[in-house]
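Student: I am new to this structure and would like to work through it slowly. Could we look at it together, one question at a time?

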Amino acid sequence: MTFAEKRLTALEPIELGGRFIKRYHVTPYPEPIEPEIERAAHAILPSLLAPPDDTPPGGFAVLHRGGDGAAYLNVYSWYWGNALWLGCASAGQPALGCPDLDPTHFMKLDLPLVGCVYELPPIVHERNAWVRHVFAPERPDLAAYLADSLPDGTTGDR
């Protein structure tokens with residue numbers, strides 16, 4: 001297998017499950033993720049969020065359309081002020097316990113996975129944005145955090 005970076009796109013944040021979630025899509029091709037896959041990801045996303053605490057209700061999600069036909073969703077909720085709570089789901093990947101090849105049939109993962117090389121680039125940016133806008137300032141600014149996303153491009157050289 002030859003390695004090639006993938007396309008990373010930032011989308012507008014959404015509010016789900018009482019949290020504001022910044023969204024990133026990762027695709028191996030120039031076309032966007034299919035709307036039916038995005039709808040299925042949004043349907044399972046609330047079940048992947050951290051329970052509420054005193055932390056401003058922010059987070060981010062990476063939806064990855066794999067070249068293998070599967071779809072992967074990693075949802076990172078800010079929790080305990082400075083930690084990331086991770087919830088993961090996959091669809092169409094039997095190696096991860098999915099019952100079929102349907103990329104809209106998301107299943108929660110209980111495996112201790114954090115993300116693949118294509119899904120990890122937003123983490124460093126989101127850490128820095130959280131510190132800059134929410135964790136370090138005297139007055140947290142969740143709106144500024146939500147407006148500060150990784151620019152569109154490839155998954156590499158970040």
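Student: Which residue of strand 2 does L11 stand opposite?

Tutor: A word of care before we begin is that this is a predicted model. Strand 1, residues 7-16, is joined to strand 2 by eight bridges, and the two run antiparallel. Within this pairing, the residue of strand 2 that stands opposite L11 is R23.

Student: Which residue in the turn between strand 1 and strand 2 has a positive phi?

Tutor: Strand 1 and strand 2 form a hairpin, with two residues between them. In that turn, the residue whose phi is positive, at about 55°, is G17.

Student: What is the bridge partner of K22 in strand 3?

Tutor: Strand 2 also pairs with strand 3, residues 58-65, and here the pairing is in the parallel sense, over seven bridges. Following it to K22, we find that its bridge partner in strand 3 is F60.

Student: Is the β-α-β unit of strand 2, helix 1 and strand 3 left-handed or right-handed?

Tutor: The unit is built from strand 2, then helix 1, which spans residues 35-44, and then strand 3. Its handedness is left-handed.

Student: Is A41 buried or exposed?

Tutor: A41 is found in helix 1, and, leaving aside residues up to four places away in sequence, it touches L63, L73 and F106. Its relative accessible area is 1%, and a residue counts as buried under 20%. A41 is therefore buried.

Student: How many residues of strand 2 are buried?

Tutor: Strand 2 covers residues 19-27 and is mostly covered. Of its nine residues, the number buried is eight.

Conventions. Residues numbered from 1 in each chain as written. Predicted model: local features only at pLDDT ≥ 70, side-chain atom pairs only at ≥ 80, totals over all residues. Heavy atoms only, no water. Buried < 20%, exposed > 50% of the residue type's maximum accessible area, 1.4 Å probe, protein only. Helix = DSSP H or I, 4+ residues; strand = E, 2+ residues; numbered from the N terminus. Pairing = 2+ DSSP bridges. Right-handed = clockwise from strand over helix to strand, strands pointing away. Contact = heavy atoms within 4.5 Å.
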